[in-house]
Amino acid sequence: MDAEREVSSWVAVAERITVLTGAGISTDSGIPDFRGPQGVWTTNPGAQRMFSLERYRADRDVRVQAWRNRRDHAAWTARPNAGHRALVGLEHTGKLRALVTQNIDGLHQRAGSDPSIVIEIHGTVWQAECLECRDVQPMRVVLARVDAGDEDPACLDCGGLLKSATISFGQALRSDVLRAAVRAATDCDLFLAVGSSLQVHPAARLCDVASGAGARLVVVNAQPTPYDAAADAVVRAPISTVLPALVVTARSDAGGPVNRR
Ligand code: NAD
């Protein structure tokens with residue numbers, strides 16, 4: 001049996017599925033990934049320095065550039081694609097218990113995923129947060145200030161540095177969010193890692209958690225990942241085509257559990 005048919009059959013009999021998504025699910029919505037062939041860092045390796053919390057705190061020029069990048073972010077106009085919608089369909093079967101995403105673009109929720117099952121481990125670009133007092137506000141409010149000429153807007157409450165509510169390099173993940181993600185990886189019988197290079201930790205380690213807890217591990221990604229060897233199946237195909245096909249056989253009443261332990 002080829003990998004796609006085999007994974008479809010696993011989806012059909014699974015009872016508790018957790019999906020981990022990465023930037024690759026949103027490239028067909030026009031949002032570039034980081035490490036794919038057209039990725040932001042593949043085409044411009046220097047861009048990575050923008051994503052360090054230390055640089056952001058220390059360097060006004062980095063912040064000014066970061067706000068310009070936020071203002072021009074593709075997320076504001078991007079629309080969900082068939083990959084995002086396939087996961088909404090999977091949720092409606094009752095099998096999808098958690099959708100852990102490394103993405104900051106909000107496209108799962110815009111596609112119709114229930115926000116209560118979406119775990120945004122790297123935060124969201126739709127909100128801005130004060131690095132000092134932790135006040136959170138809608139990104140559009142801060143971007144309106146940027147548009148009005150404030151190149152490096154400060155927190156209006158405490159004067160601290162504002163940043164998009166996303167996780168930068170050198171910035172800890174929120175512990176409650178990480179705990180929820182680990183719980184979701186532990187409590188599933190099928191774990192699908194979709195559109196991620198699986199090079200960013202601790203997100204990638206959720207594959208180890210799921211596999212260690214007895215779930216089948218499936219990697220769906222165009223390029224090889226460090227978890228391919230450990231996976232029960234690897235599907236190397238375009239996500240917006242293959243994901244709808246993989247989950248179409250899902251039936252809430254089909255088969256029994258597939259936990260291997
Ligand atoms: P990554 O760039 O490291 O890897 C993306 C992977 O997806 C690549 O291996 C690429 O080959 C694959 N891919 C791209 N388009 C695909 C498609 N249509 N079909 C199949 N595979 C495809 O991304 P990552 O692993 O998510 O980690 C990067 C970090 O970047 C994450 O923390 C995330 O927060 C952030 N990021 C998010 C977005 C977003 O929100 N859309 C965009 C860029 C980066």
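1. Into which domains is the chain divided? In this predicted model, the chain falls into domain 1, comprising 1-31 + 79-122 + 173-261, and domain 2, comprising 41-77 + 123-166. Each domain is therefore assembled from separate stretches of the chain, as the assigned bounds show. The C-alpha centres of domain 1 and domain 2 are 29 Å apart.

2. Contact between the two domains involves eleven residues from domain 1 and twelve residues from domain 2. About 760 Å² is buried between domain 1 and domain 2, and carbon and sulfur atoms contribute 52% of that area. On the side of domain 1, the greatest losses of area to domain 2 fall on Ile31, Ile104 and Arg110, which together account for 53% of what that side buries.

3. The polar component of this interface may be stated by count. Three residue pairs are in polar contact between domain 1 and domain 2, with both residues at pLDDT 80 or more. The rule finds zero salt bridges across the interface of domain 1 and domain 2. The side of domain 1 that touches domain 2 nevertheless includes four charged residues, together with three nonpolar and four polar residues.

4. The ligand is surrounded by 28 residues, of which Arg35, Gln102, His122, Ser196 and Ser197 are the closest. By class, this shell around the ligand consists of eleven nonpolar, 13 polar and four charged residues.

5. Individual polar distances to the ligand merit separate mention. A polar backbone atom of Ala222 lies 3.0 Å from a nitrogen atom of the ligand. For Ile239, a polar backbone atom is likewise 3.0 Å from a nitrogen atom of the ligand. With Gln223 the side chain is involved: one of its N or O atoms is 2.7 Å from an oxygen atom of the ligand.

6. How much of the ligand's area does the protein bury? Taken alone, the ligand exposes 850 Å², and the protein buries 93% of that area.

Definitions and conventions: Residues numbered from 1 in each chain as written. Predicted model: local features only at pLDDT ≥ 70, side-chain atom pairs only at ≥ 80, totals over all residues. Heavy atoms only, no water. Contact = heavy atoms within 4.5 Å. Buried area = accessible area lost by both parts, 1.4 Å probe. Salt bridge = Lys/Arg side-chain N within 4 Å of Asp/Glu carboxyl O. Polar contact = N/O pair within 3.5 Å; in protein donor to acceptor, adjacent residues only side chain to side chain. Nonpolar A, V, L, I, M, F, W, Y, C, P; charged D, E, K, R; others polar. Near = heavy atom within 4 Å. Areas by Shrake-Rupley, 256 points an atom, 1.4 Å probe, with all protein chains shown as cover.
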